[in-house]
Structure formats: C-alpha cells, structure tokens
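Me: I have a model open and would like to go through the reasoning behind its labels. Could you take my questions one at a time?

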Amino acid sequence: MIDFRYHLVSLISVFLALAVGIVLGAGPLRENLGDQLAGQVEQLRTEKDQLRTQSDELATRNDQLGSFVSEVGPELVSGTLAGKQVAVLTDDASTRPDTDRLLALLEDAGASSTVKIALQKNLWEPGQEQQRTDAIEQIRSVAPSVLDDDLSDSEQLAQVVVVLLTPSASEELSPELRTQVWQALTEQQLVTIDGELPAEVDAVLFAAAAPESFTDEGEDETVAAERAQSLQATQTSLLATLSDTGVPAVVSAATPDNDASTGILRTVRGDADFQGLSTTDRLQEADGPVLSVLALIEQSRGGSGAYGTTADAEDRLPALPETQGVEDASTEDQSGDGGGASDGGGEG
C-alpha cells in the first residue's frame with residue numbers, strides 16, 4: 001500500500017520541477033530561445049523578400065516578352081502556313097476579340113483559307129435536348145455513319161463537327177451529304193459558321209473561353225453543375241476525336257489570373273489521350289494569339305508542347321527557328337536598344 005510519505009515526495013518533486021523550469025525559462029533559456037526565434041524570423045523575412053524580388057523580376061521579363069511577341073507576331077509567323085486551310089473553333093462569344101486576332105495572324109502566316117466555327121450553347125445547355133435530338137435524327141437520315149450511339153447527344157454532335165472538318169469526311173461523305181449535315185447543325189443552332197468551309201482542313205485551332213464565361217450569377221447550383229458536366233463532356237469528345245485524326249491542332253485557352261487549374265486546358269494537359277495536341281494558355285493576353293499560331297506552326301512540322309505561363313506549361317514559347325533569340329531581343333528592346341526588335345524579327 002502506498003503511504004502518505006510517497007505522495008508527499010511526489011508533490012515536492014513536481015513543485016521543484018516547476019520552480020526549476022520557471023527559473024530557467026526566466027533566465028538563460030529564455031534568452032537562447034528568443035535569439036533562435038528572432039533569427040528564424042529574420043531568415044524567413046529575408047527569404048520572403050528574395051522570393052518577392054525574383055517574382056517581380058520574372059513578371060517584368062514576362063511582360064516584356066509578351067509585349068514584344070505581340071508587336072512582332074505578324075513578322076514571326078509570316079509565310080509559315082502558306083497554302084494551309086485552317087479552321088478556328090470557339091465555344092463562347094467572349095473569345096471573339098481573340099479569335100479575330102487569330103484569324104488575322106493566320107492570314108499573315110499565309111493560310112490560303114480560314115473558317116471560324118462557333119459552337120453554340122445549345123450543343124451542351126441543359127433544357128436544349130430536343131434541338132440536339134432533332135439534329136441527330138436529321139443527320140441519321142442522311143449520314144448515319146458519322147454518328148456514335150454509344151455517346152451522349154452532345155458528345156456525338158461534337159464528334160460530328162470534327163469528322164466534317166478532317167480528311168475522313170471526304171472519304172465517307174459526298175459534298176452534298178456533307179452540306180446537309182452542316183445544315184442540320186446550323187438549323188438547330190448548334191454551330192454558326194463564318195467563312196467558306198473547305199472540303200477538309202489542314203489544321204485546327206480551338207479557342208476555349210475561361211470557365212467563368214459559362215456561368216450565370218445567382219443561378220441554381222444543380223443547373224450550373226449539370227451545364228459544367230455537359231460542357232466538359234462536349235469539349236472532351238471534340239478534342240479526343242480531333243487528337244485521334246492526327247490533324248495538326250492546338251487548344252488555346254483564356255486563363256484569367258494565370259490560372260489553368262480549371263476548364264478544358266487542365267483536362268487536355270493532364271490526360272495522355274490528348275498527347276497529340278499542343279496547348280497554349282493566356283489567350284486573352286496581347287501575345288496569346290501569337291503563341292497559339294506559333295504552336296500551330298510547330299504542330300504542322302510534327303512537334304507539340306504545352307506553352308504559356310501557367311504552372312503546368314512546359315515552355316514559354318515553342319522552340320522554332322522563328323523564335324530563336326526572341327526572349328533576348330525582347331529584353332534588349334525594353335531596355336532601350338533600338339536594334340533589339342529588328343534583330344528579333346530578322347530571325348523570323
């Protein structure tokens with residue numbers, strides 16, 4: 001049995017330990033700990049300042065390069081896509097300024113023809129199932145071979161758009177049938193076409209709007225989630241089909257706040273099924289369309305990559321003869337060296 005003396009000794013030991021701790025904490029240990037903490041705080045502050053300085057320098061260099069590339073873009077791409085027939089696809093009206101610049105640059109690059117195809121929200125919007133069903137039935141009556149009944153209506157119709165643009169269509173469809181399929185898509189307001197459609201295209205640019213462009217403030221969360229899911233399925237089907245064709249293609253996305261963590265760009269860059277496609281971010285920036293066309297030039301020469309400034313981009317620019325020395329030239333140009341711009345353009 002434990003007697004009272006044991007308890008007394010235990011209590012005395014506890015109080016002695018507390019007293020020693022208080023004395024040491026108020027004396028030498030407090031000074032040592034304080035010095036260590038102060039040193040760590042100062043080190044962290046210094047590292048933070050260094051990182052901020054590095055970030056500011058990188059941002060400045062990136063802005064310089066972006067401005068320079070947008071200025072010399074027409075010269076960089078001049079004649080690089082001579083004779084090519086190019087389709088520009090887009091999924092929202094918010095990309096119109098960007099697609100206009102893309103089309104102008106494609107003309108600078110020497111493309112023999114360009115056509116803009118705008119995917120309309122009826123292609124994926126909840127509540128528009130009847131229009132999609134009607135389009136599928138029209139297409140089935142004239143060209144059933146272009147449909148895949150294992151897919152949803154949105155996915156099937158997105159796939160049809162690619163089939164009509166790529167070489168396989170010319171093998172399966174007569175010009176008359178091809179026209180009828182396009183009419184089914186346009187009559188149901190699933191796509192709009194600006195320009196003359198060639199029998200097939202040599203390359204495709206897909207201009208993707210920022211994810212927030214598809215949302216309506218204050219709408220029901222269930223409807224918003226259903227739309228987002230249908231939109232992603234539509235985009236994914238279109239781009240997966242496009243990747244399988246082997247036609248040179250680039251996915252160019254608007255990335256506000258330099259964020260590619262949402263939207264179709266994240267899907268394409270994170271899935272091996274799309275490895276045949278090139279991607280670019282910052283479509284909404286001044287140099288975004290130039291970056292897109294440069295990536296398409298690389299695609300037409302058998303290369304590919306992920307370009308831009310977001311965290312998952314592989315490089316800032318494609319490594320082409322036209323882009324050699326561009327980064328150095330942009331720095332010289334911004335520093336006041338008048339020869340910088342001409343040197344950079346001369347390499348294109």
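**Rings, bridges and a cavity**

Reply: Happy to. There is one aromatic pair in the structure. Please keep in mind that this is a predicted model.

Me: Why is the pair of Trp124 and Phe214 called what it is, going by its centres and planes?

Reply: The ring centres of Trp124 and Phe214 are 6.0 Å apart, and the cut-off for a pair is 6.5 Å. Their planes stand at 80°, and an angle over 60 degrees counts as edge-to-face. The pair is therefore edge-to-face.

Me: What makes this a link between distant parts of the chain?

Reply: Trp124 sits in the loop between S2 and H4, while Phe214 sits in the loop between S4 and H8. The two are 90 residues apart. Both Trp124 and Phe214 are buried, too.

Me: Now the charges. Why is the contact of Arg227 with Glu125 called a salt bridge?

Reply: The closest N and O atoms of Arg227 and Glu125 are 2.9 Å apart. The rule asks for a side-chain nitrogen of Lys or Arg within 4 Å of a carboxyl oxygen of Asp or Glu, so the pair qualifies. This pair also links distant parts of the chain, with Arg227 in helix H8 and Glu125 in the loop between strand S2 (113-119) and helix H4 (129-142), 102 residues apart.

Me: Are Arg227 and Glu125 buried or exposed, and how do you know?

Reply: Buried means under 20% relative accessible area. Arg227 has 6%, so Arg227 counts as buried. Glu125 has 14%, so Glu125 is buried as well.

Me: What makes Asp216 and Arg227 a salt bridge, and which parts does the pair tie together?

Reply: Their side chains meet at 3.7 Å, N to O, and the limit is 4 Å. Asp216 lies in the loop between strand S4 (203-208) and H8, and Arg227 lies in helix H8, so the pair ties together parts that are eleven residues apart in sequence. Asp216 has a relative accessible area of 47%. Buried ends under 20% and exposed begins over 50%, so Asp216 is partly exposed.

Me: Which residues are linked with Arg227 in a network of salt bridges?

Reply: Glu125, Asp216 and Glu219 are linked with Arg227 in that network. By the rule, the structure has 14 salt bridges.

Me: How do you know that Arg132 and Asp153 form one of them?

Reply: The N to O distance between their side chains is 3.2 Å, against a limit of 4 Å. Arg132 is in helix H4 and Asp153 in helix H5 (residues 153-165), and this pair links distant parts of the chain, 21 residues apart. With a relative accessible area of 3%, Arg132 is buried.

Me: What about empty space? How many cavities of 30 Å³ or more are there, and what lines the largest cavity?

Reply: The count comes to one cavity of 30 Å³ or more. The largest cavity has a volume of about 30 Å³. Its lining is made of Leu119, Trp124, Phe206, Leu231, Thr234, Gln235 and Leu238. Helix H8 (residues 221-245) gives the most to this lining, with four residues. By type, the lining divides into five nonpolar, two polar and no charged residues.

Me: Why is Thr99 called buried?

Reply: Thr99 has a relative accessible area of 0%, and buried means under 20%, so the label follows. Thr99 is found in helix H3 (residues 96-108). Leaving aside neighbours within four places in sequence, Thr99 is in contact with Val88, Thr90, Lys116 and Ala207.

Me: And why does Ser243 get the buried label?

Reply: Ser243 has a relative accessible area of 14%, and the cut-off is under 20%. Ser243 lies in helix H8 and touches Asp273, Phe274, Gln275, Gly276 and Leu277, not counting residues up to four places away in sequence. The C-alpha atoms of Ser243 and Gly276 are separated by 5.4 Å, although these residues are 33 apart along the chain.

Me: Last one: which residues does Glu155 touch, beyond those up to four places away in sequence?

Reply: Glu155 touches Ala233 and Ser237. Glu155 has its place in helix H5. The C-alpha atoms of Glu155 and Ser237 are separated by 5.4 Å, with their positions 82 residues apart along the chain counted as their separation.

How values were computed. Residues are numbered from 1 along each chain as its sequence is written. This is a predicted model: local features need pLDDT of at least 70, side-chain atom pairs count only at pLDDT 80 or more; totals for chains, interfaces and linings use all residues. Side-chain values use heavy atoms; hydrogens and water are left out. Buried means under 20% relative accessible area, exposed over 50%, partly exposed in between (1.4 Å probe, protein chains only). Contact means heavy atoms within 4.5 Å. On a 1 Å grid over the protein atoms alone, a cavity is a set of points where a 1.4 Å probe fits but cannot get out, and a pocket is an open set with protein on both sides within 12 Å along at least five of seven lines; lining residues have an atom within 4 Å of a point. Grid points are joined across faces, edges and corners, and a volume is the space filled by probe spheres set on the points. Ala, Val, Leu, Ile, Met, Phe, Trp, Tyr, Cys and Pro count as nonpolar, Asp, Glu, Lys and Arg as charged, and the others, Gly among them, as polar. Rings of Phe, Tyr and Trp (its six-membered ring) pair if their centres lie within 6.5 Å; planes under 30 degrees apart count as stacked, over 60 as edge-to-face and the rest as tilted.
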